[in-house]
Number of protein chains: 2
Amino acid sequence: MEIPDIVVGRLPIYLRALSHLESIGQTVTSSHEMGNALGISSAQIRKDLSHFGEFGKQGTGYQVKYLVDQLRRILKVGADWDIAIVGAGDLGRALANYNGFADRGFRIRAIFDSDPRRIGQTHGGHVVQDARDIGRVLPELGIRLAMVAVPAAAAQLVADHLVAAGVQGILNYAPINILVPEGVQVQYIDPVVHLQRMTFYLEAPTPNPVTG
Amino acid sequence: MEIPDIVVGRLPIYLRALSHLESIGQTVTSSHEMGNALGISSAQIRKDLSHFGEFGKQGTGYQVKYLVDQLRRILKVGADWDIAIVGAGDLGRALANYNGFADRGFRIRAIFDSDPRRIGQTHGGHVVQDARDIGRVLPELGIRLAMVAVPAAAAQLVADHLVAAGVQGILNYAPINILVPEGVQVQYIDPVVHLQRMTFYLEAPTPNPVTG
DNA sequence: GATGCATCGTGAATTCTGGCACAAGACTGT
DNA sequence: ACAGTCTTGTGCCAGAATTCACGATGCATC
């Protein structure tokens with residue numbers, strides 16, 4: 001039975017909400033409670049989860065810890081995934097220093113840049129390596145995921161190198177679409193896309209006659 | 001006629017791709033070319049655009065510049081939107097220094113933090129202000145959009161203050177869902193959500209017996 | 001100007017998605 | 001024990017979203 005992509009996309013949201021409940025000491029929840037917190041219908045949550053098994057109990061709801069474990073298993077984030085960061089600019093450094101990966105199944109293992117002035121610097125405990133070494137270092141470390149934080153003009157080339165090095169998933173922060181072979185996962189993060197999606201629903205700004 | 005959200009969500013992607021074509025000097029494109037570049041069917045692109053008018057010409061395709069202008073108008077990013085950043089940690093600073101907003105319809109106008117050690121620092125040409133002044137400063141500047149880059153534990157409170165200050169759209173980088181009044185737009189950026197969405201489709205990692 | 005090819009916009013057909021509503025089960029309190 | 005209240009998992013179906021396929025049109029070439 002094939003799981004719809006759109007369902008898969010919601011699972012990390014559920015996991016995040018459940019982990020939050022767990023962290024505040026709540027042991028049981030319901031599809032209604034989760035739905036209210038997430039702005040999703042309870043029926044949707046139940047149906048999504050039902051693709052993978054029966055995790056709840058009638059009349060009671062879901063055991064938070066048990067459901068967290070199940071979602072971690074389903075999403076395969078039980079053991080840590082190693083990640084490489086390409087690009088040691090402001091964003092790459094922020095990612096390298098971010099401590100929100102560790103407890104959610106991911107671990108930064110390497111960071112690369114092509115600028116000689118950045119190579120050798122240390123960020124988040126990792127020495128910036130020469131981007132030309134991606135093809136050697138990634139297979140050595142068995143890294144299969146990468147975050148791309150380079151200028152748009154370089155993103156496709158970087159992606160090509162990553163794929164050649166065996167990377168199977170790319171999280172692309174560069175504001176450009178990239179093409180990869182079938183079987184390689186790509187996800188995009190572009191704040192402007194989200195901002196523009198919001199402004200569609202708002203009244204257009206009136207240019208300030210003073211500041212321009 | 002109501003435009004489906006899912007269509008609105010694709011428009012910024014189209015705009016980004018078209019702007020790229022424009023930047024490399026291409027003056028004409030087609031739904032097929034765009035579709036190939038974006039991994040979207042050409043019919044989908046044509047139908048999405050048809051919600052807003054007839055922008056192409058049979059046999060020829062679309063004038064890139066014209067379509068860019070139209071999408072900017074539709075998304076209301078013709079004139080610049082002012083944005084506030086809340087949180088001057090690594091991520092907030094990276095956003096403040098990012099120069100990719102300016103030419104896509106947005107302009108950072110203020111940055112806030114609650115940590116006295118950060119207040120007064122300058123990032124991206126903006127002095128970090130006291131987060132307690134959000135309620136005063138935002139209305140003064142007429143800011144209606146904000147990016148939240150604070151720890152998850154603080155995100156809901158910050159969002160409440162932003163909404164009270166008249167903010168109509170929040171781009172939330174904190175890994176937690178927030179509740180806002182109806183009419184306020186919220187978008188989320190959480191790299192881990194994207195990573196987990198990819199790992200679902202990959203083989204689970206085998207823990208390295210040496211490094212753990 | 002006629003032919004061949006390319007492309008758009010769109011109605012129809014198909015596939016997908018979400019929500020309703022209910023049977024079944026679980027818990028609480030008397 | 002039993003009534004009352006919750007909650008899950010799911011069959012069903014309406015509506016949404018996507019794709020198909022085609023008429024209409026534009027351009028290049030001969």
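These legends guide you through close-up views of a predicted model.

**View 1. A:Met147 and B:Met147 in the largest nonpolar core.** The largest nonpolar core has 90 residues, and the members that touch the most others are A:Met147 and B:Met147. Helix 1 (residues 5-23) of chain B gives the most to this core, contributing nine residues. Take a moment to find the surroundings of A:Met147: beyond its neighbours within four places in sequence, A:Met147 is in contact with residues including A:Ile83, A:Ile85, A:Leu95, A:Phe101 and A:Tyr173. Its contacts also include a residue of chain B, B:Leu195. Apart from the largest core lies another one, made of 25 residues, with A:Ala110, A:Ala146, A:Val148 and A:Val163 among them. As a general background, nonpolar side chains tend to be buried together in soluble globular proteins.

**View 2. Helix 2 of chain A and its buried side.** Which residues of helix 2 (residues 31-38) of chain A are buried? They are A:Ser31, A:Met34, A:Gly35 and A:Leu38. These residues lie on the same side of helix 2 of chain A because they cover an arc of only 100° around the axis. On the face turned away from that buried side, you can find the exposed residues A:His32 and A:Asn36. The cover over the buried residues includes helix 1, strand 1 (28-29), helix 3 and strand 3 (61-63) of chain A. Just after this helix comes A:Gly39, with a positive phi of about 70°.

**View 3. The protein around DNA strand C.** Here 24 residues surround DNA strand C, and the closest are A:Ser41, A:Lys47, A:Gln58, B:Ser31 and B:Tyr62. By class, this surface has four nonpolar, 13 polar and seven charged residues. Which part of the DNA comes within 4 Å of the protein, sugar and phosphate or bases? Sugar or phosphate holds 61% of those atoms of DNA strand C, and the rest belong to bases. You can follow three polar contacts in this view. In one, a phosphate oxygen is 2.4 Å from an N or O atom in the side chain of B:Ser31. In another, a polar backbone atom of A:Gln58 is 2.8 Å from a sugar or linking oxygen of DNA strand C. A base takes part too: one of its nitrogens is 2.9 Å from a polar backbone atom of A:Gly59.

**View 4. The protein around DNA strand D.** Now turn to the other strand, DNA strand D, with 24 residues around it. The nearest are A:Ser31, A:Arg46, A:Tyr62, B:Arg10 and B:Gln58. Sugar and phosphate make up 63% of the atoms of DNA strand D that come within 4 Å of the protein. Elements that each supply at least two residues of this surface include helix 3 of chain A and helix 1 of chain B. Look for the side chain of B:Arg10, where an N or O atom is 2.8 Å from a phosphate oxygen. The bases have partners as well: a polar side-chain atom of B:Arg46 lies 3.2 Å from a base nitrogen, and a backbone N or O atom of A:Gly59 lies 2.9 Å from a base oxygen.

**View 5. B:Val77 in a loop of chain B.** B:Val77 sits in the loop between helix 4 (64-75) and strand 4 (81-86) of chain B. Is this residue buried or exposed? B:Val77 counts as buried because its relative accessibility is 3%. Leaving aside neighbours within four places in sequence, its contacts include A:Gln196 and A:Thr199 of chain A, along with B:Leu15, B:Arg72 and B:Phe106 of chain B. B:Arg10 is 67 residues from B:Val77 in sequence, and their C-alpha atoms are 15 Å apart in space.

Key. Residues numbered from 1 in each chain as written. Chains lettered and ligands numbered in written order. Predicted model: local features only at pLDDT ≥ 70, side-chain atom pairs only at ≥ 80, totals over all residues. Heavy atoms only, no water. Core = buried A, V, L, I, M, F, W, Y, C linked by side-chain atoms within 4.5 Å. Buried < 20%, exposed > 50% of the residue type's maximum accessible area, 1.4 Å probe, protein only. Helix = DSSP H or I, 4+ residues; strand = E, 2+ residues; numbered from the N terminus. Contact = heavy atoms within 4.5 Å. Near = heavy atom within 4 Å. Polar contact = N/O pair within 3.5 Å; in protein donor to acceptor, adjacent residues only side chain to side chain. Nonpolar A, V, L, I, M, F, W, Y, C, P; charged D, E, K, R; others polar. Arc of directions from axis to C-beta.
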